[in-house]
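Here is a briefing on the structure shown below. It covers sheets, cores, cysteines, a cavity and one loop residue.

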Amino acid sequence: MDWNAVLATRSSRMKASEIRELLKVIAQPDVISFAGGIPDPKLFPVDAMSQAMTGAMASDQAEDALQYSVSEGYLPLREWIAAEMQRIGVPCGPQNIFISSGSQQALDYLGKLMISPGDTVLCGWPTYLGALGAFNAYEPCFEQYSPTGNVGATEYKARAAASGGRAKFAYMSVDFANPTGETLDRRARLQLLDLAAEMDIAIIEDAAYQALRYDGETIPPILALEIERCGTIEAARTIYCGSFSKTLAPGLRVGWVCAASPVIERLVLLKQAGDLHSASLNQIVVAEVAKTIMADHVKLLRKTYQARRDHMLAALEKYMPAGVDWTRPEGGMFIWVTLPAHMDGAELLTQSLAAERVAFVPGRAFFADGSGGNTLRLSFSCATAEQIDTGIKRLGALIERVGSGQDHR
């Protein structure tokens, strides 16, 4: 069977996730890993999850938990999310909430909903690798968006038309972004709203890390700022994607979209044609755990991850050679490192695993155009203080050797 003859042309655009492939390597016990952008499993609320699971299966809810359900999602969970969205400045109701199997599915569905071959997606350089993968299957063109750039709506429209389509949306991770850890300030959020209005495009606001702020000023979501302007979520062009993966547990695969009801209605149609609905039992468990422990649990996460972030920043100051720069995130799980221009992150990773047993993610995969070879992403979420000290010291020494030409392995 010649499978290439029957596969869709878009399948050629699908690529393996460098992070998922790297996870196979870093499972070795002697490797210090700053690679996986994952929550620390030691912080999972196991007892609360177990109690909620047992309660769901030992009550009248058991039948609902094990049965097919509505594609919109479990109503009590959507009501809890709607209340949380109101708390952060987004007046909405459960009719504006759609439950997805992780926010990654939401990105895939939004790409399927909006992108025709040749259409343009605006995004950061770099941006979340999973978003590039989700959108790429629908054959878009990617254009670099920077709030400090000088490209305006007219030029973006002309470029999109030259590619044979039109610009459809801007994708932004605005709080402690994966991979850079950077946050879009209020002014930049308003500028993006202005650009989107002028171009008549949507905004996808990826808020996977929004709850994990450790210091600095809390900034309203883009969706909240837009509603301040237009008065109601039903008039908003911003689509907010949230997740329980970074706050409760990623294995449950529960995320959500908050948007105007016409968007939600179309997502429901995609869900009905895709996997019918997200796992009922998982939604029931998340709803119960979120209702009972979320506020206190997020405080624990912030305290723990902040200490690890501070420790890594201090280690970088102590051990990195001149010519290396890095971000200083106010939250999230990541620090973005820029190496001297002549160095390559992928080559450095090969050397680091072989000689120093330290893992990280090379930066090139986060750029839609394959640039950014001299960058890398470090995650501090699962590392102990000792691992951070040892790993950053080894990595700094390797970078110094490679940079000076002393390491030829």
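This is a predicted model. Four topics lead: an open antiparallel sheet of 4 strands, a strand covered on both faces, a largest nonpolar core of 76 residues, and a search for disulfides that finds 0. A cavity and a loop serine follow.

**The open sheet**

- The sheet has 4 strands in the order 9-10-13-12, with antiparallel pairing.
- Strand 9 (325–326) and strand 12 (361–362) are the edge strands. Each has a single partner strand, so one side of each lacks a neighbour in the sheet.
- Strand 10 (residues 334–338) pairs with strand 13 (residues 375–379) through 5 bridges, in the antiparallel sense.
- Within that pair, V337 has L376 of strand 13 as its bridge partner.
- Strands of a sheet pair through backbone hydrogen bonds, in either a parallel or an antiparallel sense.

**Strand 8 and its partners**

- Strand 8 (residues 255–258) is covered on both faces. G255 and V257 are buried on one side, and W256 and C258 are buried on the other.
- In a regular strand, side chains alternate between the two faces of the sheet.
- Strand 2 (residues 97–100) runs antiparallel to strand 8 and is joined to it by 4 bridges. Here F98 stands opposite V257.
- Strand 7 (residues 238–243) also pairs with strand 8 in the antiparallel sense, over 4 bridges. Y240 stands opposite C258.

**Nonpolar cores**

- The largest nonpolar core holds 76 residues. F135, L348 and L378 have the most contacts inside it.
- Which residues does L348 contact, leaving aside its neighbours within four places in sequence? They are L339, M343, F360, L376, L395, L398, I399 and V402.
- L376 therefore appears twice in this briefing: as a contact of L348, and as the bridge partner of V337.
- Another core lies apart from the largest one. This core has 39 residues, including C92, I99, A249 and L281.
- In soluble globular proteins, nonpolar side chains tend to be buried together.

**Cysteines**

- The whole structure contains 0 disulfides.
- Why is C92 not bonded to C258? The two sulfurs are 3.9 Å apart, which is too far for a bond. C258 holds the closest cysteine sulfur to that of C92.
- C92 counts as buried, at 10% relative accessibility.
- C141 is in no disulfide either. Its nearest cysteine sulfur is that of C123, 11 Å away.
- C141 is partly exposed, with a relative accessible area of 26%.

**Cavity**

- The structure holds 1 cavity of 30 Å³ or more.
- The largest cavity encloses about 40 Å³ of space.
- Its lining is made up of P39, D40, L43, F44, S245, K246, T247, L248, H297, L301 and Y305.

**S163 in its loop**

- Where does S163 lie? S163 sits in the loop between helix 8 (153–162) and strand 5 (167–173).
- S163 is partly exposed, at 35% relative accessible area.
- S163 and D119 are 44 residues apart in sequence, yet their C-alpha atoms are 7.3 Å apart in space.
- Not counting residues up to four places away in sequence, S163 touches G118 and C141.

Technical notes:
Residues numbered from 1 in each chain as written. Predicted model: local features only at pLDDT ≥ 70, side-chain atom pairs only at ≥ 80, totals over all residues. Heavy atoms only, no water. Pairing = 2+ DSSP bridges. Helix = DSSP H or I, 4+ residues; strand = E, 2+ residues; numbered from the N terminus. Disulfide = S-S within 2.5 Å. Buried < 20%, exposed > 50% of the residue type's maximum accessible area, 1.4 Å probe, protein only. Core = buried A, V, L, I, M, F, W, Y, C linked by side-chain atoms within 4.5 Å. Contact = heavy atoms within 4.5 Å. 1 Å grid on protein atoms, 1.4 Å probe; cavity = no way out; pocket = protein on both sides within 12 Å on 5 of 7 lines; lining within 4 Å. Points joined across faces, edges and corners; volume = space filled by probe spheres on them.
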